[in-house]
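Me: I would like to go through this model and ask, for each label, what justifies it. Could you set the values against the definitions as we go?

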Amino acid sequence: MGRVTERRRVVRIRDGAVSTRPDTLVAEEPLEIRLGGRPLAITMRTPGDDFALAAGFLVSEGVLGSAGDVRNIVYCAGAKDDGTNTYNVVDVQLAPGVPVPDITLERNVYTTSSCGLCGKASLDAVRTTARFPIADTPPLRVEPELLAALPDRLRAAQRVFDRTGGLHAAALFSEDGDLLDVREDVGRHNAVDKLVGRALREDLLPLDRAILLVSGRASFELAQKAVMAGIPVLAAVSAPSSLAVDLAAETGLTLVGFLRGRNMNVYAGEDRIALKAAPRA
């Protein structure tokens, strides 16, 4: 469907030189999975192989056991108010005789209307209202050189990774670059949740003077978690997704990707980065 990648404007910093250019990002969009026309779950994904994704999800939930259990998988028409199909809602119809489970397999379930009128309420539900709007009091400014030093500090603190090589990590740093906390997990989302949960138990929210660094890419979920915890700066050693950039731009989050050595891309919120030269539009 040609939606695997999208283009976004990026501010590039290369050895102190600042420039702007379009950048190609992996697309990220919500997919609502329905079972027999009833909403079951919403997951974030890159468009493509949506039917396989829906079937695999139902296998993992114990609904499907073989190809014969599926009668049909279709995109829901009229997913937007104007009747156009967003290809973001999939309906799985079970074969005759296959028991329909109780729709309480809830993970991220949002109640919606029938398939023909589906979409907006459930798909917009991933954009949770932030409890701690991102604001700078006083303004937070981060030097590129400080950001450049953070991945090595994170790597040095990854004790479990040294033994396994198979974990993601997330860390909180102060605005001066001091390591506040680091968590590791097989899921980067879990690592961030552990950081925020520990801060919550210590009554430290909002984390409005902190920098969040993740060892992998910056997905929509990670950007959302940062926003929900009031974290003003999210940095990742790999790429952000298109929806993460959109969310950062909408909420005022500073989003940095490809943070490797002295090189980095600033996708949103560049006002918090102490650039030596103003980027051109």
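Reply: Gladly; bear in mind throughout that this is a predicted model. A first case is Ser-19, which has a relative accessible area of 34%.

Me: Why is Ser-19 called partly exposed?

Reply: Buried means under 20% relative accessible area and exposed means over 50%, with partly exposed in between. Because the relative accessible area of Ser-19 is 34%, this residue counts as partly exposed. Ser-19 belongs to strand 2, residues 17–26, and, not counting residues up to four places away in sequence, touches Val-10, Val-11 and Arg-12. Between the C-alpha atoms of Ser-19 and Asn-265 there are 10.0 Å in space, although the two are 246 residues apart in sequence.

Me: Why does Asp-15 count as exposed, and what is said of its phi?

Reply: Exposed requires over 50%, and Asp-15 has a relative accessibility of 56%, so the label exposed follows. Asp-15 sits in the loop between strand 1 (5–14) and strand 2, and its phi is near 50 degrees, a positive value in a residue other than glycine.

Me: Which label does Phe-258 receive, and why?

Reply: Phe-258 has a relative accessibility of 28%, and because this value falls between the limits of 20% and 50%, the residue is partly exposed. Phe-258 is part of strand 11, residues 254–260, and its phi, too, is positive, near 50 degrees, in a residue other than glycine.

Me: What makes the peptide bond from Leu-205 to Pro-206 cis or trans?

Reply: The angle omega is near 0 degrees for this bond, and the bond is cis. Pro-206 is located in the loop between helix 5 (188–201) and strand 9 (210–214).

Me: How do you know that strand 6 is largely enclosed by the rest of the structure?

Reply: Five of the six residues of strand 6, residues 89–94, are buried, so the strand is described as largely enclosed. As for its partners, strand 3 (residues 29–35) pairs with strand 6 in the parallel sense over four bridges, with Ile-33 opposite Val-90, whereas strand 5 (residues 70–75) pairs with strand 6 in the antiparallel sense over five bridges, with Asn-72 opposite Gln-93.

Me: How do you know that strands 5 and 6 pair?

Reply: Pairing needs at least two bridges, and because five bridges are found between strand 5 and strand 6, the two count as paired.

Me: What makes up the largest nonpolar core, and which residues touch the most other members?

Reply: The largest nonpolar core has 34 residues, of which Leu-212, Val-214, Leu-234, Leu-253 and Leu-255 touch the most other members. At least two residues of this core come from each of strand 7 (168–174), helix 5, strand 9, helix 6 (220–228), strand 10 (233–236), helix 7 and strand 12 (263–268). Apart from this core lies another, of 25 residues, including Val-11, Ala-148, Ile-211 and Leu-259.

Me: Which residues of helix 7 are buried, and what follows the helix?

Reply: In helix 7, residues 242–251, the buried residues are Ser-242, Leu-243, Ala-244, Val-245, Leu-247 and Ala-248. Gly-252, with a positive phi near 90 degrees, follows helix 7.

Me: How much of the protein chain counts as buried?

Reply: Of its 281 residues, 46% count as buried. The protein chain has seven helices and 12 strands, and among its contacts between residues at least 6 apart in sequence, 54% join residues at least 24 apart.

Conventions. Residues are numbered from 1 along each chain as its sequence is written. This is a predicted model: local features need pLDDT of at least 70, side-chain atom pairs count only at pLDDT 80 or more; totals for chains, interfaces and linings use all residues. Side-chain values use heavy atoms; hydrogens and water are left out. Buried means under 20% relative accessible area, exposed over 50%, partly exposed in between (1.4 Å probe, protein chains only). Contact means heavy atoms within 4.5 Å. A nonpolar core is a set of buried Ala, Val, Leu, Ile, Met, Phe, Trp, Tyr and Cys residues joined through side-chain atoms within 4.5 Å.
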